[in-house]
Amino acid sequence: MLSFFWLRCLLKMVKGNIVPEDILSFCCNGLQGSTSPPPPCSRDPGEREEAPGAMGGRSPTEVQMSQLVLPCHTNHRGELSAGQLLKWIDTAACLSAERHAGCPCVTASMDDIYFEHTISQTYINTPGQQRARSGVCVGQVVNIKAKVNRAFNSSMEVGIQVSYEDLCSGKHCSICKAYATFVAQGPPGTKVKLKPLAPQTEEEKIEHSIAAERRRMRLVHKDTLKDLLTRSPRETELETRDGSVVVPAEKTRVESVELVLPPHANHQGNTFGGQIMAWMENVATIAASRLCHAHPTLRAIEMFHFRGPSQVGDRLVLKAIVNNAFKNSMEVGVCAEAYGQEMSVSRRHINSAFMTFVVLDEEGRPRTLPMVVPQPGDGERRYREASARKKIRLDRKYVVSCKQTEVPLSVPWDQSNKVYLSYNNVSALKTLVAKANWALAREKEKVRIYTLEEDKFLSFRIEMSVRIAAGQAFSLLSDLRRRHEWDSHYASAELVQQVDEDDAIYHVVSQTLSHENKPQDFVILASRRKPCDKGDPYVVAFRSVTLPTHPACASFTRGETLCSGFCVWPESEEASKVAYYNQATPGYLAYVTTNVAGLSSSFCATFEACERFLLKNKDDLIARLRDL
């Protein structure tokens, strides 16, 4: 087999398609079993390039990695090291990114990682059995699937799913999901323009659409934290915990140095991102252990953010300290700095992250942790920021995981969780739009009504083409204060709060009477989004929220909307397709089914009125924009 390989390489040299240096690259890649695709220059001119559909229905960017957990991958307790897992995750994600980009890629960031199933073992004493273990251990298989969700200009989002497999029992269990951002690297001084990604399946279309929202959240995360700290008390209030030990934060501080050697570098000569993350996890674990004097379990990681590269020969200084200890969890802050041989040169901050640890007892339950006393100055700042990050995590977890079957459907509005409510609002509508099983239920002249039946929910979509520019339709439809001009169900809409340029909260009074013979009212969050790329729609998403200033009152029956809104696609410079989506709530269901069945033309009449409203007001809108 090896002789055949060399013979093929020699033939290519004769043809002039390969240089001697490439033979070594081919040989190394072949002997190491690399899953990275060969560079374009290495393909024989006579070989056919594999079509996207030739991968058994899989995405052409999808990479699958299966790793057998060996003793060298574990820590002193035989557990799969979290650092080793991060290496595998980063490798698989990088291969997927490079498969799409066709050039080297570097890790820009790794989003929050929540471990659904701990990768550590928990030792449990049970009658008749000295120890029972759960988690990923030696002999089990870790399966990683990575694929590009969306490509932007020179960056792309890669989605990663991690699970483990017990070969003896056949059991499969999810470990975590993660999203990484990679940047394509061209020759020095050049910028790579990535080709757009064309999603095929329903799942790929949903991830592609929501990737723009996740990108938006990453960009405003710092502002969200800063805003929350600005509105919080400046004084550091230490938690009181009965019978708890108090530990100065400085006693948990760790500083360690690593010399970057060739085995730590990637195929571009830079320090492998997964290796940096593994080193950071190591020092963070030591800091957490110094607080609790036990072996902690990593539960969550808040965004690795790569600020710059490091190379072979650099010294990496890794620092970690416990920022805050809550009752059952602690946050450890960790950063990495790089410098060369000359100590006089200032260190470069290349990465930072925040990790959440817990300590499990013999029954697998989180133990109560000692309290942390921060140092004055930076220590108190880190202590307050850790509390703010915990609140943001809880807000985000509540908003994103809020199940549609729960009652009430509204979620509490708070300034600190505005980013995640807005994200969830737009993402829910984009998910509904990307569904594949929409069926045409009725068509009347230019108006088409589609339905989507899923589990206990009936959703509908009404669409038509209108002779108006998409941006103009977007501006007119996003202001709920004007909806009564064309929608007979709206009596009035009051702007309660202009949150920012893209989000506003309205108090809406409906003409429709409830079963209590009272008009309905709603408190609605309206979130607007302009297209991120060519082909994306303008989006106006609506969902119910609760406000302390506008509680339910006896004069109205408080209604709720789960997911609704408009999408506007440009068809030409002067025409667009306008579509309205609504996931019907129980109180609205009878009205929907009556229209879908053709027993009423209210939907069609309302949408025709919407068209007249848009055509009537587009010239006024152009004049106002010209005056500005």
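Strand S6 and strand S7, the latter covering residues 155-165, are joined by ten bridges and run antiparallel in this model, which is predicted. The two strands form a hairpin, with three residues between S6 and S7. To follow the pairing on the structure, one can begin at Val141, whose bridge partner in S7 is Glu165.

Strand S6 also has a partner in strand S1, which spans residues 63-68; six bridges join S1 to S6, and these two strands run antiparallel. In this pairing Val63 stands opposite Ala146 of S6. Is strand S6, then, largely enclosed or largely open? Ten of the eleven residues in S6, which runs from residue 141 to residue 151, are buried, and therefore the strand is largely enclosed by the rest of the structure. As background for looking at such strands, it helps to know that side chains in a regular strand alternate between the two faces of the sheet.

From strands we can turn to helices. When two helices pack together, they are described by the angle between their axes and by the distance between those axes. Helix H4, made of residues 202-230, packs with helix H7, made of residues 418-434, at an angle of about 170 degrees, and their axes are 9 Å apart. Because angles over 145 degrees count as roughly antiparallel, H4 is described as roughly antiparallel to H7. The residues of the contact between H4 and H7 comprise ten nonpolar, six polar and six charged ones.

Another helix, H8, covers residues 470-477 and is mostly covered, since six of its eight residues are buried. Those buried residues of H8 are Ala470, Gln472, Ala473, Phe474, Leu476 and Leu477.

The next topic is the space enclosed within the protein. How many cavities of 30 Å³ or more does the structure hold? There are two cavities that reach this volume, and the largest has a volume of about 40 Å³. Its lining consists of Ala249, Glu250, Ile321, Val322, Asn323, Pro374, Gln375, Gly379 and Arg382. Strand S12 (315-325) and helix H6 (378-401) each supply at least two residues of this lining, and S12 gives the largest share, three residues. Sorted by class, the lining of the largest cavity has four nonpolar, three polar and two charged residues.

The second largest cavity has a volume of about 30 Å³. Around this second cavity the reader can find Asp112, Tyr114, Ala300, Ile301, Glu302, Phe354, Met355, Thr356 and Arg393, which line it. At least two residues of the lining come from each of two strands, S11 (297-306) and S14 (348-358). By class, the residues lining the second largest cavity divide into five nonpolar, one polar and three charged.

The last stop is Ala491, which lies in strand S20, a strand of residues 490-498. Is Ala491 buried, partly exposed or exposed? The relative accessible area of Ala491 is 33%, so the residue is partly exposed, because this class lies between the limit of under 20% for buried residues and that of over 50% for exposed ones. Ala491 and Val508 are 17 residues apart along the chain, and their C-alpha atoms are separated by 7.7 Å.

Methods: Residues numbered from 1 in each chain as written. Predicted model: local features only at pLDDT ≥ 70, side-chain atom pairs only at ≥ 80, totals over all residues. Heavy atoms only, no water. Buried < 20%, exposed > 50% of the residue type's maximum accessible area, 1.4 Å probe, protein only. Helix = DSSP H or I, 4+ residues; strand = E, 2+ residues; numbered from the N terminus. Pairing = 2+ DSSP bridges. Axes fitted to C-alpha atoms, helices over the stretch in contact; angles between N-to-C directions. Parallel < 35°, antiparallel > 145°, perpendicular 65-115°, else oblique. Nonpolar A, V, L, I, M, F, W, Y, C, P; charged D, E, K, R; others polar. 1 Å grid on protein atoms, 1.4 Å probe; cavity = no way out; pocket = protein on both sides within 12 Å on 5 of 7 lines; lining within 4 Å. Points joined across faces, edges and corners; volume = space filled by probe spheres on them.
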